[in-house]
Each structure stands twice: as C-alpha cells, then as structure tokens.
Amino acid sequence: RMDGVLVSALTTPDTAVYERLGRSPRDLPPAEFEKWICTPFVSSIAYEIGNALAGSEAFPIRRVADSEGKILGKIGWLMAMMALIATVGAALTVTSALMTGVVERRAEIGLMKALGAEDAQVVGLFLGEAVVIGLLGGLAGALGGLTLSRVITMSVFGTPGSMKPLSVLIGVAAAMAIALAGCAIPARGIARVRPVEALRG
C-alpha cells in the first residue's frame with residue numbers, strides 16, 4: 001500500500017484569474033472551467049490526477065512549484081542580460097571586422113571607384129559579406145543555444161525541455177540583423193574613400 005507519490009510535471013504558472021480562494025473548480029462557469037482544465041496549471045493537473053485515481057487525493061506542493069517558478073524567472077532574466085551583452089558584443093565585433101576589411105582593401109575600393117563603381121555597389125559587397133557572417137553566426141548560436149538550454153533544464157528541472165523551430169529562425173534573423181547593423185560605420189568609411197588618395201597609397 002502506498003501513502004504518497006511525488007509527481008513532477010511541466011506546468012504553466014497559475015494566474016490570478018484562476019486563483020480561487022475556497023472555490024471549487026466545479027463552481028466555475030462551463031467555458032471558464034474548460035479553459036482551466038485544458039491548461040497545464042499546477043492546480044488543474046492535480047485535479048485531473050485526483051479524478052483519474054479513485055480514492056486518491058492530489059494536491060500541489062506550492063512551495064516546490066513556487067520555488068521552481070522563481071528559479072526559472074531568475075534564469076530567464078539572466079539569459080536576457082547575457083543575450084543583451086552578446087548582442088552588443090556581436091555588433092561591435094562585426095563592425096570591427098568590417099572596418100578592418102575596409103582599411104585592408106582601401107586600394108581595391110579606390111580601384112573599383114576609379115573604374116566607375118558607385119558607393120552603393122561597393123557597400124553591397126560588404127553587406128553580402130555581413131549577411132554570410134550573420135547566417136553562419138546565427139546557425140552556430142542557435143545550435144549552441146539549443147545545447148545549452150537542454151543542459152540547464154536537465155540540471156535544474158531534470159527534464160530536457162523543448163525548443164520551438166520558430167525560435168531558431170528568430171535567432172538566425174536576429175544575428176543577420178545585428179550583422180547588417182554593424183555595417184553602418186564601415187559603410188560611411190567606404191563612402192569617404194577617395195580613389196586618387198587610395199591608389200596613391
């Protein structure tokens with residue numbers, strides 16, 4: 001005979017709408033009850049378990065659920081700060097790399113302009129390079145983020161968690177946007193290159 005079983009489940013935090021002090025879920029209006037029972041709240045899962053097992057009483061351990069929610073919230077803020085720092089660092093890195101390319105290829109830029117190339121055409125070449133950098137960096141970052149998120153969720157919550165494909169696309173798109181934003185300063189440097197001075201050295 002068992003007197004207790006601990007159940008761990010992936011849940012959605014209870015919102016204030018469904019925190020009914022002293023009110024039974026059966027007292028909810030049908031539409032609200034259906035929405036509540038179909039959402040993986042801690043309370044709704046406990047209610048379902050109690051109905052599925054005859055003679056049992058299921059109740060959430062609020063202290064554990066709340067502590068896990070707080071840990072998840074702190075991890076979320078930490079990841080947001082890390083993402084912000086990484087975004088600034090990536091933009092500065094792209095800008096530095098492209099500015100170095102402008103300086104190293106100053107003679108080539110001057111020759112292209114002397115042969116009739118417009119500033120927009122020369123900038124387009126550097127933008128294409130930035131797109132490639134952003135695409136490769138975004139894919140590498142998305143794969144690294146997938147691996148890191150699984151490691152963190154396994155170590156903290158004991159479950160590998162899940163990742164939506166849309167988040168990978170958003171990560172790649174953000175990386176390309178950062179790379180293109182980093183072209184702003186190098187583009188101004190390209191516009192300032194004068195063919196005569198660049199070819200003269």
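These questions and answers walk through a predicted model of a protein.

Student: How many helices and strands does the secondary structure come to?
Tutor: Run along the elements from the N terminus. They read α-α-α-α-α-α-α-α. The count is eight helices and zero strands.

Student: What share of the 201 residues counts as buried?
Tutor: Buried means under 20% relative accessible area. Apply that cut-off to the 201 residues of the protein, and the share is 19%.

Student: What part of the exposed area do carbon and sulfur atoms supply?
Tutor: Start from the total. The protein exposes about 14200 Å². Of that area, carbon and sulfur atoms supply 66%.

Student: Among contacts with a separation of 6 or more, what percentage joins residues 24 or more positions apart?
Tutor: Contact here means heavy atoms within 4.5 Å. Take the contacts with a separation of 6 or more, then keep those between residues 24 or more positions apart. They account for 65%.

Student: Which helix gives the largest share of the largest nonpolar core?
Tutor: That core has twelve residues, including Val 94, Leu 98, Phe 126, Cys 183 and Ile 190. Helix 3 (62-104) and helix 5 (119-157) each supply at least two residues of this core. The largest share is four residues, and it comes from helix 5.

Student: Which residues does Cys 183 touch, leaving out those up to four places away in sequence?
Tutor: Cys 183 belongs to the twelve-residue core. So do Leu 98, Phe 126 and Ala 130. With sequence neighbours up to four places away set aside, Cys 183 touches Leu 98, Phe 126, Leu 127 and Ala 130.

Student: How many residues does the other core, with Trp 36 among them, have?
Tutor: This core lies apart from the twelve-residue one. Its members include Trp 36, Ile 37, Phe 41 and Tyr 47. The number is five.

Student: Why do the buried residues of helix 4 line one face?
Tutor: In helix 4 (residues 106-114), the buried residues are Ile 109, Gly 110 and Lys 113. An α-helix has 3.6 residues a turn, so residues three or four places apart point the same way. Seen down the axis of helix 4, the buried residues line one face because they fall within an arc of 100 degrees.

Student: Which residue with a positive phi follows helix 4?
Tutor: Look just past the end of helix 4. The phi there is positive, near 110 degrees. The residue is Gly 116.

Student: Which residues are exposed on the other side of helix 7?
Tutor: First find the buried residues of helix 7 (residues 184-192): Pro 186, Gly 189 and Ile 190. They fall within an arc of 100 degrees down the helix axis, so they line one face. On the other side, the exposed residues are Ile 185, Arg 188 and Arg 192.

Methods: Residues are numbered from 1 along each chain as its sequence is written. This is a predicted model: local features need pLDDT of at least 70, side-chain atom pairs count only at pLDDT 80 or more; totals for chains, interfaces and linings use all residues. Side-chain values use heavy atoms; hydrogens and water are left out. Buried means under 20% relative accessible area, exposed over 50%, partly exposed in between (1.4 Å probe, protein chains only). The arc is that of the directions from the helix axis to the C-beta atoms. Accessible areas come from the Shrake-Rupley method with a 1.4 Å probe; for residues, only the protein chains shown count as cover. A nonpolar core is a set of buried Ala, Val, Leu, Ile, Met, Phe, Trp, Tyr and Cys residues joined through side-chain atoms within 4.5 Å.
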